[in-house]
Amino acid sequence: MSSGTEDDEKARVEILEPSADAADSSSSSSSEEEDTDLYEDDYMTVRSIYGDCDVEEEILVTWKMGGWENIAAAEADGDGDAGAESQEERDGREMRAGWRELSLSTQLEPDRLAPLFSGAEWAGEKVQIAFSARGTSLTKARRSHVRDAAVDAAILATEYLHDAYGARLRTDPASSLLELGCGLGAPGMLARLMGASAVVLTDVPALLSQLERNVARNFPDDEGVRAAALDWSRPAVRELLRETGRAERGFDVVLNCDCVFEHLYGTSWKLLVEVVDELLRVNPRCVSITSVERRNGDGIDAFLEKLRGIEDSVTELVFEEGSVQIYTTVKIGVES
């Protein structure tokens with residue numbers, strides 16, 4: 001999806017170039033496995049696991065399922081002085097609260113490694129990995145008790161999805177979600193944990209094997225979540241709907257996170273709008289959730305203008321924090 005120009009490649013080099021602080025940190029790191037906290041709040045904890053030579057191997061996402069309600073129930077479950085609680089007792093309370101950990105490998109097989117500057121494929125390997133690794137541009141955490149934590153478009157989109165549509169996903173026995181350009185697919189997998197009956201995670205074919213491995217690792221024998229290759233186009237999304245048995249009913253929720261950034265993806269956002277338009281045509285009650293991170297020259301304004309041009313639809317800004325903005329697109333006069 002890259003435009004492939006020299007300017008684009010120069011921009012990517014600038015993105016990759018580490019700061020002096022990052023370089024110092026890397027040179028001083030040990031070769032032993034390192035566990036780095038990226039983010040923590042009352043919904044989730046995100047950790048990055050580094051192995052030899054400071055190479056990231058996986059991301060661990062601990063999802064606390066019901067957010068505040070389950071946490072409160074777990075606190076009420078504790079006996080005696082919470083300050084004297086042992087780690088074993090705390091672990092037990094967390095399990096009773098329904099916490100669940102996702103283990104997402106960030107490694108690709110050698111024969112699947114894309115050329116360094118191959119647009120969307122390169123982004124899928126390291127930049128757009130669902131929850132960004134250290135060194136990327138992140139926004140300030142919104143939970144006051146976790147200072148200097150970092151979140152990105154995917155984390156905030158997941159929390160918005162939980163707050164705005166979590167009850168619907170839990171209570172509707174036929175609820176469904178499609179994630180576009182999903183990278184490692186954490187938001188979609190977390191939607192399955194929220195209660196969505198059917199989740200389909202999609203990205204370019206070159207990333208499918210990694211995505212399938214992560215689905216199998218975290219949801220063995222679970223037919224409610226699957227991975228599929230999807231190059232953005234109307235014919236391709238129609239074929240996906242046929243393959244998943246949803247040609248007539250489509251999906252209830254369509255999610256995309258940080259899929260618009262012209263320095264990496266060129267103007268592939270035009271195809272993204274076509275896909276969203278097609279999905280809203282198939283199911284007028286569908287809600288499309290778009291989470292973007294604003295950067296210089298990102299192309300998001302042009303994307304939003306085209307998105308707002310979808311016939312009989314309205315696109316609204318529903319959440320904003322730092323550089324992250326979340327928009328919903330729905331059909332006018334149709335209850336989602």
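This is a dialogue between a student and a tutor on how to read a predicted model.

Student: How many helices and strands are there in the protein chain?

Tutor: Begin with the inventory. The chain has twelve helices and 13 strands. Next comes burial. Buried residues account for 52% of the 336 residues. Then look at contacts along the sequence. Among contacts with a separation of 6 or more, 67% join residues 24 or more positions apart.

Student: In what order do the seven strands of the open sheet stand?

Tutor: Read a sheet from one edge to the other. Here the order is β9-β8-β7-β10-β11-β13-β12, with mixed pairing. The edges are β9 (225–229) and β12 (313–321). Each has a single partner strand, so one side of each lacks a neighbour in the sheet. From one strand to the next, the twist averages 20°.

Student: In which sense do β8 and β9 pair?

Tutor: For a strand pair, check direction, then bridges. Strand β8 (residues 198–203) pairs with β9 in the parallel sense, over five bridges. One residue pair to find on screen is Asp-203 with its bridge partner in β9, Ala-229.

Student: Which strands does helix α6 touch?

Tutor: For a helix on a sheet, list the strands in contact, then take an angle. Helix α6 (residues 153–171) packs on the sheet and touches β7 (176–180), β10 (253–257), β11 (287–293), β12 and β13 (324–331). The direction of α6 makes about 155° with that of β11.

Student: Is helix α7 mostly covered or mostly open, and how many of its residues are buried?

Tutor: Count burial residue by residue. Helix α7 (residues 186–194) is mostly covered, with eight of its nine residues buried. Among them are Pro-187, Met-189, Leu-190 and Leu-193. Then look at what comes after the helix. Gly-195 follows α7, and its phi is positive, near 130°.

Student: How many aromatic pairs does the structure hold?

Tutor: The structure holds three. For each pair, read the distance between centres and the angle between planes. Tyr-43 and Trp-63 are stacked, at 6.2 Å centre to centre with 20° between the planes. Now place them on the chain. Tyr-43 is in the loop between β1 (34–40) and β2 (44–50), and Trp-63 is in strand β3 (residues 56–63). The two are 20 residues apart, and the pair links distant parts of the chain. Both Tyr-43 and Trp-63 are buried.

Student: What geometry do Trp-269 and Phe-303 show?

Tutor: Trp-269 and Phe-303 are edge-to-face, with 6.5 Å between centres and 75° between planes. Trp-269 lies in helix α11 (residues 269–282) and Phe-303 in helix α12 (residues 300–307), so the pair ties together parts 34 residues apart in sequence. Trp-269 and Phe-303 are buried.

Student: Where does the charged end of Arg-100 sit?

Tutor: Rings can also have a charge over them. The charged end of Arg-100 is over the ring of Phe-219, 5.3 Å from the ring centre. Arg-295 gives another case. Arg-295 lies over the face of Phe-261, 4.3 Å from the ring centre.

Student: Which residue forms a salt bridge with Arg-295?

Tutor: That is Glu-293, with the closest N and O atoms 3.6 Å apart. Compare the burial of the two partners. Glu-293 is buried, at 1% relative accessible area. Arg-295 has 23% relative accessibility and counts as partly exposed, because buried means under 20%.

Student: How many salt bridges does the count come to?

Tutor: The count is 13. Take one at a time. Arg-238 and Glu-278 meet at 3.1 Å, N to O. Arg-238 is in helix α9 (residues 234–243) and Glu-278 in helix α11, 40 residues apart. Arg-238 is partly exposed at 37% relative accessibility, whereas Glu-278 is buried at 8%.

Student: How many residues apart are Arg-281 and Asp-277?

Tutor: Arg-281 and Asp-277 are four residues apart, about one turn of helix α11, where both lie. Their side chains form a salt bridge of 3.3 Å, N to O. Arg-281 is partly exposed, with a relative accessible area of 48%. Asp-277 is buried, at 8%.

Student: Which residues are linked in a network of salt bridges?

Tutor: Follow shared partners from bridge to bridge. The network links Arg-234, Arg-238, Asp-277, Glu-278 and Arg-281.

Definitions and conventions:
Residues are numbered from 1 along each chain as its sequence is written. This is a predicted model: local features need pLDDT of at least 70, side-chain atom pairs count only at pLDDT 80 or more; totals for chains, interfaces and linings use all residues. Side-chain values use heavy atoms; hydrogens and water are left out. Two strands pair if DSSP finds at least two bridges between them. Axes are lines fitted to C-alpha atoms, for helices over the stretch in contact, and angles run from 0 to 180 degrees between N-to-C directions. Contact means heavy atoms within 4.5 Å. Rings of Phe, Tyr and Trp (its six-membered ring) pair if their centres lie within 6.5 Å; planes under 30 degrees apart count as stacked, over 60 as edge-to-face and the rest as tilted. Buried means under 20% relative accessible area, exposed over 50%, partly exposed in between (1.4 Å probe, protein chains only). A charge sits over a ring if NZ of Lys or CZ of Arg is within 6 Å of the ring centre and within 35 degrees of the ring normal. A salt bridge is a side-chain nitrogen of Lys or Arg within 4 Å of a carboxyl oxygen of Asp or Glu.
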